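These are my notebook entries from one sitting with the structure. I took the questions in the order in which they came to me.

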Amino acid sequence: MHRVGVAVFETMFGHIRVLQADPVVEIADQILERADPSFVSIGDGIVTFHCDNGDVSYGLRDHDDLREVWIGIRAGVPLDDA
C-alpha cells in the first residue's frame with residue numbers, strides 16, 4: 001500500500017498552475033466527469049492535467065467503487081518510489 005498524497009492546482013484569470021503533484025493521489029470520478037477538456041484529457045487509462053507551468057499525468061490504477069475515486073500513479077515515478 002502506498003501513501004496517498006495530493007495534487008494542488010491554482011486557477012487565476014483563466015490560467016491554471018500546478019503547485020504540488022505527489023506521486024500517488026486519489027482522483028474523484030466527479031473531477032474526471034466534469035473537467036474542462038482544455039485543462040484535463042483522459043485516454044488509455046491516463047489522465048493529464050494541462051497547466052501553464054507544465055503537464056502532469058497520472059495512470060489510473062485502481063478504482064474504489066464505494067468511494068468513487070481512482071488511485072492515480074504519477075507518470076515517470078517508479079512504483080518503488082510511489
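Before the first entry I set down the criterion I relied on: a polar contact is a pair of N or O atoms within 3.5 Å, where, within protein, one atom must be able to donate a hydrogen and the other to accept it. I also note that I was reading a predicted model.

**Entry on D22**

I began with D22, which I found in the loop between strand 2 (15-21) and strand 3 (24-28). Is D22 buried or exposed? I looked up its relative accessibility, which is 15%, and because buried means under 20%, D22 counts as buried. I then checked what the side chain of D22 pairs with, and found a polar contact of 3.1 Å that joins it to the side chain of Q20. Leaving aside residues up to four places away in sequence, I listed what D22 touches, and the list reads R3, G5, V6, Y58 and R74.

**Entry on the aromatic pairs**

How many aromatic pairs does the structure hold? I counted 3 aromatic pairs. For F9 and F39, I read a distance of 5.4 Å between the ring centres and an angle of 85 degrees between the planes, so I entered this pair as edge-to-face. The pair links distant parts of the chain, since F9 belongs to strand 1 (residues 7-12) while F39 sits in the loop between helix 1 (29-34) and strand 4 (40-43), 30 residues apart. I compared their burial as well: F9 is partly exposed, with a relative accessible area of 25%, whereas F39, at 14%, is buried.

I next followed F9 to F49, with which F9 forms an aromatic pair that I recorded as tilted, at 5.0 Å centre to centre and 35 degrees between the planes. Here too distant parts of the chain are linked, from F9 in strand 1 to F49 in strand 5 (residues 46-51), 40 residues apart. For F49 I found 5% relative accessibility, and F49 therefore counts as buried. Putting these pairs side by side, I noted that ring pairs link F9, F39 and F49 into a cluster.

**Entry on I73**

Last I turned to I73, which lies in strand 7 (residues 69-74). I looked up its relative accessible area, which is 10%, and wrote I73 down as buried. I also checked I73 against A28, 45 residues apart along the chain, and found that their C-alpha atoms are separated by 14 Å.

Definitions and conventions
Residues numbered from 1 in each chain as written. Predicted model: local features only at pLDDT ≥ 70, side-chain atom pairs only at ≥ 80, totals over all residues. Heavy atoms only, no water. Helix = DSSP H or I, 4+ residues; strand = E, 2+ residues; numbered from the N terminus. Buried < 20%, exposed > 50% of the residue type's maximum accessible area, 1.4 Å probe, protein only. Contact = heavy atoms within 4.5 Å. Phe/Tyr/Trp six-rings, centres within 6.5 Å; stacked < 30°, edge-to-face > 60°.
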